[in-house]
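Q: Please pick one part of this protein and take me through it slowly, residue by residue. I'd like to know what sits around it, and then how the rest of the chain looks from there.

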Amino acid sequence: MELDERKKKILYAIIKTYLETGEPVGSRTISKYADLNLSSATIRNEMSDLEEMGYIIQPHTSAGRIPSDKGYRFYVDQLMEDKEREITETKELMIRRQDKMELLLKQVVKVLAANTNYATMITSPQYHQTKLKFIQLSMVSEDQLLAVIVTEGNVVKNKMFPVEHGLNQETLLKLNILLNTSLNGLAMADINLVTISKLKEQAGIHSDVVNRVLDAVAEAIQMDDEMEVYTSGATNIFKYPELSDSAKASEIINAFEDKKELVDLVESISQDESNTGIQVYIGNETPVQTMKDCSVVTTTYELGDGMKGTIGIIGPKRMDYDKVVSVLKTLTTQLDVIFKKEE
């Protein structure tokens, strides 16, 4: 059964009231909403339907209702659809330009925690589907070859390897032209068997050089740097009674201290390449089990071609989703502007 407009308004009123108070919501409270103009009896009937449909639950006998995970999911999905408009409430993040990315990211996550009152995290940007820009082969001795590989973002990797057949300058020049003509602008996934076969055929007796260069290219392109995770506001968890239970809080705090579960969370989310916008995980939807009593909101920020990182906000299921989405949308825009100024 689809929710009609009246049920939607009552559900929204329950969720918004519960977000503000953290207490079960009764029909009398809902009847005070000016735009409803419904009696308490009518509201009770509608709340009974919503409970039967699984959107709200009654935690205790004679208590009011609170949203279920299904109710939160409906609210968030509707919110995300309606969010395609200009941000009306923009909180200016006082972030000074920093020479080092690490200092900037630490400042960003700190400001984010202060603005939201939730636990926050941000990862250092990683290179995804990085493309090759340039290869330069140079002889350093009669049997040693140096390959200088430049990828997007001007990341430079050097690789030394032996050569079995001596290379004169003319052959070296031809190999440089062959490799750059065939590989420049390609991501590793684009270098297929046909490309490799053609390269080896054209390299002739020096096909072993092509093999070694391709290995070096793969090593340069892959994300071989460890992901750094910066966190702030973990103690904000204690502000919410439903999470301040010693066992629950301890699990979340530990996750923020050792950061392994946060890395697992980011990697789990990153496996789905469609997860580039704002994603909301409520309760058991969260990939990390220690956060099953929380809501986790993440988004991807991008700082140039293929250079991406993840921002995450962890809080109670009754978090202020409207505010969190607005802050994340603003922050991703600001990060892009800040880094472009630093280039």
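A: Let's start at Thr120, which lies in strand 3, residues 119–123. Keep in mind that this is a predicted model. Thr120 has a relative accessibility of 0%, and the cut-off for buried is under 20%, so this threonine counts as buried.

What does the side chain do in there? It reaches the backbone oxygen of Val109, at 2.9 Å. Val109 also turns up in the contact list of Thr120, once neighbours within four places in sequence are left aside. The other partners on that list are Leu112, Ala113, Tyr230, Thr231, Ser232, Phe256, Gly312 and Ile313. So if you click on Thr120 and show what surrounds it, expect residues numbered in the 100s, the 200s and the 300s, with Val109, Tyr230 and Gly312 among them.

Now step back along the chain to Asn117, in the loop between helix 5 (101–116) and strand 3. Here the backbone is worth a look. Most residues other than glycine have a negative phi. Asn117 is not a glycine, yet its phi is positive, at about 65°. Unlike Thr120, which is buried, Asn117 is partly exposed, with a relative accessible area of 33%.

Lys259 makes a good companion to that asparagine. Its phi is positive too, about 70°, and again the residue is not a glycine. You'll find Lys259 in the loop between helix 9 (246–258) and helix 10 (260–270). Lys259 is partly exposed as well, with a relative accessible area of 27%.

From the partners in the 300s, carry on along the chain to Arg318. This arginine is in the loop between strand 11 (307–316) and helix 11 (321–342). Is a charged side chain like this one buried or exposed? Arg318 has a relative accessible area of 11%, under the 20% cut-off, so it is buried. Its side chain has a polar partner: a 2.6 Å polar contact joins it to the side chain of Glu242. Leaving aside neighbours within four places in sequence, Arg318 also touches Tyr18, Leu19, Thr21, Gly22, Tyr72, Tyr240 and Pro241. As for Cys294, 24 residues away along the chain, its C-alpha is 8.7 Å from that of Arg318.

Some of those names come back when you turn to the second largest pocket. Which residues lie nearest its centre? Tyr18, Ile66, Tyr72, Glu242 and Lys317 do, out of a lining of 18 residues. Tyr18, Tyr72 and Glu242 are also contacts of Arg318. The space in this pocket comes to about 310 Å³. Helix 1 (5–21), strand 2 (66–67) and helix 4 (69–82) each supply at least two residues of the lining. As for chemistry, the lining divides into eight nonpolar, three polar and seven charged residues.

Helix 1 leads us back to the start of the chain. Leu3 is found in the segment before that helix. At 8% relative accessibility, Leu3 counts as buried. Not counting residues up to four places away in sequence, Leu3 touches Lys8, Leu11, Leu50, Met53, Tyr55 and Phe74. Take Met53: it is 50 residues from Leu3 in sequence, but the two C-alpha atoms are 9.4 Å apart in space.

A little further on is Glu46, in helix 3, residues 40–52. Its relative accessibility is 5%, so this glutamate counts as buried. Leaving out residues up to four places away in sequence, Glu46 touches Arg6, Lys7 and Ile10.

For a piece of sheet that's easy to trace by eye, go to strand 5 (132–141) and strand 6 (144–151). They form a hairpin with two residues between them. They pair in the antiparallel sense over eight bridges. Met139 stands opposite Leu145 of strand 6.

Finally, zoom out. The protein has 11 helices and 11 strands. Of its 343 residues, 45% count as buried; Thr120, where we began, is one of the buried residues. Among contacts between residues at least 6 apart in sequence, 60% join residues at least 24 apart.

Definitions and conventions. Residues are numbered from 1 along each chain as its sequence is written. This is a predicted model: local features need pLDDT of at least 70, side-chain atom pairs count only at pLDDT 80 or more; totals for chains, interfaces and linings use all residues. Side-chain values use heavy atoms; hydrogens and water are left out. On a 1 Å grid over the protein atoms alone, a cavity is a set of points where a 1.4 Å probe fits but cannot get out, and a pocket is an open set with protein on both sides within 12 Å along at least five of seven lines; lining residues have an atom within 4 Å of a point. Grid points are joined across faces, edges and corners, and a volume is the space filled by probe spheres set on the points. Helices (H or I, at least four residues) and strands (E, at least two) are DSSP runs, numbered from the N terminus. Ala, Val, Leu, Ile, Met, Phe, Trp, Tyr, Cys and Pro count as nonpolar, Asp, Glu, Lys and Arg as charged, and the others, Gly among them, as polar. Buried means under 20% relative accessible area, exposed over 50%, partly exposed in between (1.4 Å probe, protein chains only). Contact means heavy atoms within 4.5 Å. A polar contact is a pair of N or O atoms within 3.5 Å; within protein, one must be able to donate a hydrogen and the other to accept it, and residues adjacent in sequence count only if both atoms are side-chain atoms. Two strands pair if DSSP finds at least two bridges between them.
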